[in-house]
There are 2 protein chains.
Amino acid sequence: MPTIDEIAKLARVSPTTVSKVLNNRPYVSQATRRRIEHVIAETGFVPSQWARLLSQRRSYILGLLIPYTSDQLFADPHLLEVMRGIEAAANRYEYNLLLSTARAPVEAASACTRLLRSDVIDGAVVVETQDLRAFAETLGDRPAPWVVLGYAPAGDVPAIHADDYGGARDAMHYLINQGHRRIGVVSSTPRPFALDERMRGLQDALQAVGLALDPRLVVLGDFSTVSGEHAGHTLLAHPNPPTAIFALNDRMAIGVVRAATARGMRVPEQLSVIGFDDIALATLLTPQLTTVRQPGYLLGETAAETLFALLDPQLTTPSAIIPTELIIRGSVQPPERG
Amino acid sequence: MPTIDEIAKLARVSPTTVSKVLNNRPYVSQATRRRIEHVIAETGFVPSQWARLLSQRRSYILGLLIPYTSDQLFADPHLLEVMRGIEAAANRYEYNLLLSTARAPVEAASACTRLLRSDVIDGAVVVETQDLRAFAETLGDRPAPWVVLGYAPAGDVPAIHADDYGGARDAMHYLINQGHRRIGVVSSTPRPFALDERMRGLQDALQAVGLALDPRLVVLGDFSTVSGEHAGHTLLAHPNPPTAIFALNDRMAIGVVRAATARGMRVPEQLSVIGFDDIALATLLTPQLTTVRQPGYLLGETAAETLFALLDPQLTTPSAIIPTELIIRGSVQPPERG
DNA sequence: CTGAAAGCGCTTACAG
DNA sequence: CTGAAAGCGCTTACAG
């Protein structure tokens, strides 16, 4: 690959002038500009990004920092939707996406810190984890701008998340309105802040009608389908089992349906199930899953757009809460009279 | 963020010595080394990648060039599996992954070319497209090393792909052995080379028993589930419809099942369906899909490993063909006597 | 409109 | 073991 100096030599001008052409700047005569462009096309010259950015301080690379192992990322349809939204937005700004996952959960924070303190990326969308607060503190003086996809650890970093509280409250409302009173919940551990919010929402819905969450009917999974299956078995083995189960994500809800089926129970006749996320799979199962839609694509897109706004110091960039929507399909019905 | 000069000043040494510590090189006394390390820890200094790489000529960034729009990528579970494998391998080498998709199909090639000729990435895994040959020619003298995930456009670039020919042949064998004679095929357009190979494999299986592919029973989709659904309807509306349909990927196979169901036909009793890929969804449907497994994770991993070997000029890096495996589940049975 | 010079923040021979 | 100097390939004031 030739350098700018060689191009300059070939076009019989200075590197300065070539640089102007490269960056579409004025004050170059038509003739010289054409001559230079011709040489560039001829040689297929592509300027070195490293060199350019060393002086320009922009890499046109956006970091997507996901403090999970890549297996966890690729197993999570909702997160992939988020990623799709981010990628789409990045594309619009002619940014490339640098994907950084953790090899092991422990290394997550330090890898993120390194990247945010380095000059490889212009900014990053950071997916929320447990210890985002501690993480934010290790960042030091002037890290690259970043937004969190989830709940903010501190006041000064924009946070983009869905209305977890409202979504969970609506779902619980719906179950109650259908006549359910014994309602199991599959939550998770470790619990990101979003799940705290969902728990809060569902408890408030219960409280609003004078009910309370029976702690014996709360079981913890880890977001995976199998963990939902285990949780389902645990709940259904209960002496006085629930008539409905609210799983705090769709994959676990699918696991619950599977557990019920394995025990010879029919969904929704003998057990109602409701999830959260609305992943594509939700419509492919029988019965189709009733769930709370959390628009992953929009979340990702919004996070990226917020970051791009942040890159321009003129603009102020607010946090955003994306609404959720209850999607009623086939996995919930009123409880059987018993 | 401090620079190496500032660190040097603080540690009362030269930048050269700091650089040695940064790169774990010998010829630094224990005492100075410790002093420098202390200052680095204290300040949280992270050396500028741009500057480092401008001299070192390594970015530790691996390109994943996907000449599709991001929507197409994220809709394709098999491609996502491939990506997971690449990401895992990259992680092992402490490489980050730069994801480059196309905004529009047309722009794909030029974006790939730019990236491969730039110094942003050390190398790339390029997912095969139609016009990879034309693409390879636009690369010019010394592009970054790359491998193709699919079939090679020219002799000198390593190609990693599954045994498409053998897999399709085995699947067709199986249908024939089950007693099927009228067999529909859902292929695709545009048709990557892999699909040519699958067509070839299935035709050879037919020929081996003295049968030939009825061109009226070949319908083209575009890999998506809906296109498979359309194709299914077309085939089943045929005056003398097939008793089995071989869809050349799982998503289209699922579409075929859906079309059959919509027409009140039962799978596999009235129609056998076989797919290709073995995506996770294949086991979640009723009946579970019989298909040809193409190990996406392994393909991605192998491609990345091949590229890393290529980065070391000592090593020779061969192309690889990953075996496929016929996975017999519930969507195929012998045809009904008619 | 054009170009010489300095600088971005590192690393790499090389001399001491 | 240590450091001064040149260089990686660009861009950015600045002078002409």
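Take chain B of this predicted model and try laying it on chain A: a turn of 180° and a shift of 0.1 Å along the axis do the job, with an RMSD of 0.1 Å. The two copies are thus related as by a two-fold rotation axis. If that sounds abstract, here's the general idea: two copies of a chain are related by a rotation about an axis and a shift along it. Keep that axis in mind as we walk through the rest.

So where do the copies touch? The contact draws on 35 residues from chain A and 34 residues from chain B. On chain B's side, at least two residues each come from α4 (49-56), α5 (70-74), α6 (77-92), β2 (96-101) and α7 (108-117). The largest share of that side belongs to β2(B), with six residues. Sort chain B's touching residues by class and you get 15 nonpolar, eleven polar and eight charged. Of the interface residues of chain B, 100% are also interface residues in chain A, so the copies meet through the same surface.

Now zoom in on β2. Strand β2 (residues 96-101) of chain A and β2(B) run antiparallel and are joined by three bridges. Which residue of β2(B) stands opposite Leu98(A)? It is Leu98(B), the residue with the matching number in the other chain.

That pairing sits in the middle of a bigger picture. Follow the strands across and you find an open sheet of twelve, in the order β11(A)-β5(A)-β4(A)-β3(A)-β1(A)-β2(A)-β2(B)-β1(B)-β3(B)-β4(B)-β5(B)-β11(B), with mixed pairing. The edges are β11 (320-322) of chain A and β11 (320-322) of chain B; each has a single partner strand, so one side of each is left without a neighbour in the sheet. On average, neighbouring strands here are turned by 20° against each other, direction ignored.

What does "mixed" look like up close? Strands of a sheet pair through backbone hydrogen bonds, either parallel or antiparallel. You've already met the antiparallel pair, β2(A) with β2(B). For a parallel one, look at strand β1 (residues 61-66) of chain B, which six bridges join to β2(B). Within that neighbourhood, Leu65(B) has Ser100(B) of β2(B) as its bridge partner.

Next, the DNA. Around DNA strand D there are 25 residues, and those that come nearest are Ile4(A), Ser19(A), Ala51(A), Ser14(B) and Thr16(B). Two or more residues each come from α2 (15-22) and α4 (49-56) of chain A, and from α2 (15-22) and α4 of chain B. The element giving the most is α4(A), with five residues. By class, this surface has eleven nonpolar, 13 polar and one charged residues.

Turn to DNA strand C and the chain letters swap. There are 25 residues around DNA strand C, and Ser14(A), Thr16(A), Ile4(B), Ser19(B) and Ala51(B) come nearest. Here, α2 and α4 of both chain A and chain B give two or more residues, while the largest share, five residues, comes from α4(B). The class count for this surface reads eleven nonpolar, 13 polar and one charged.

Let's step back to a single chain. The domain assignment splits chain A into domain 1 (4-47), domain 2 (61-162 + 297-323) and domain 3 (164-294). The centres of domain 1 and domain 3 of chain A, taken over C-alpha atoms, are separated by 63 Å.

Chain A also has an open sheet of six strands, ordered β7-β6-β8-β9-β10-β12, and its pairing is mixed. At the edges stand β7 (218-221) and β12 (325-327) of chain A, each with a single partner strand, so one side of each is left without a neighbour in the sheet. Inside this sheet, strand β8 (residues 244-247) and strand β9 (residues 272-277) of chain A pair in the parallel sense over three bridges, and Phe246(A) has Ile274(A) of β9(A) as its bridge partner. Lying across β6 (183-188), β7 and β8 of chain A is helix α11 (residues 225-236), which runs at about 160° to β7(A).

Finally, some backbone oddities. The peptide bond from Val267(B) to Pro268(B) is cis, with omega near 10°; Pro268(B) sits in the loop between α12 (250-262) and β9 (272-277) of chain B. Another cis peptide bond joins Thr286(B) and Pro287(B), with omega about -10°, and Pro287(B) is in the loop between β9 and β10 (290-293) of chain B. Over in chain A, Asn24(A) has a positive phi of about 55° although it is not a glycine.

Terms used
Residues are numbered from 1 along each chain as its sequence is written. Chains are lettered from A and ligands numbered from 1 in the order in which they are written. This is a predicted model: local features need pLDDT of at least 70, side-chain atom pairs count only at pLDDT 80 or more; totals for chains, interfaces and linings use all residues. Two residues are in contact if their C-beta atoms, placed from the backbone, lie within 7 Å. Helices (H or I, at least four residues) and strands (E, at least two) are DSSP runs, numbered from the N terminus. Ala, Val, Leu, Ile, Met, Phe, Trp, Tyr, Cys and Pro count as nonpolar, Asp, Glu, Lys and Arg as charged, and the others, Gly among them, as polar. Two strands pair if DSSP finds at least two bridges between them. A residue is near a molecule or strand if its C-beta atom, placed from the backbone, lies within 6 Å of it. Copies are superposed by least squares on the C-alpha atoms of residues with pLDDT of at least 70 in both. Domain bounds come from an automatic or database domain assignment. Axes are lines fitted to C-alpha atoms, for helices over the stretch in contact, and angles run from 0 to 180 degrees between N-to-C directions.
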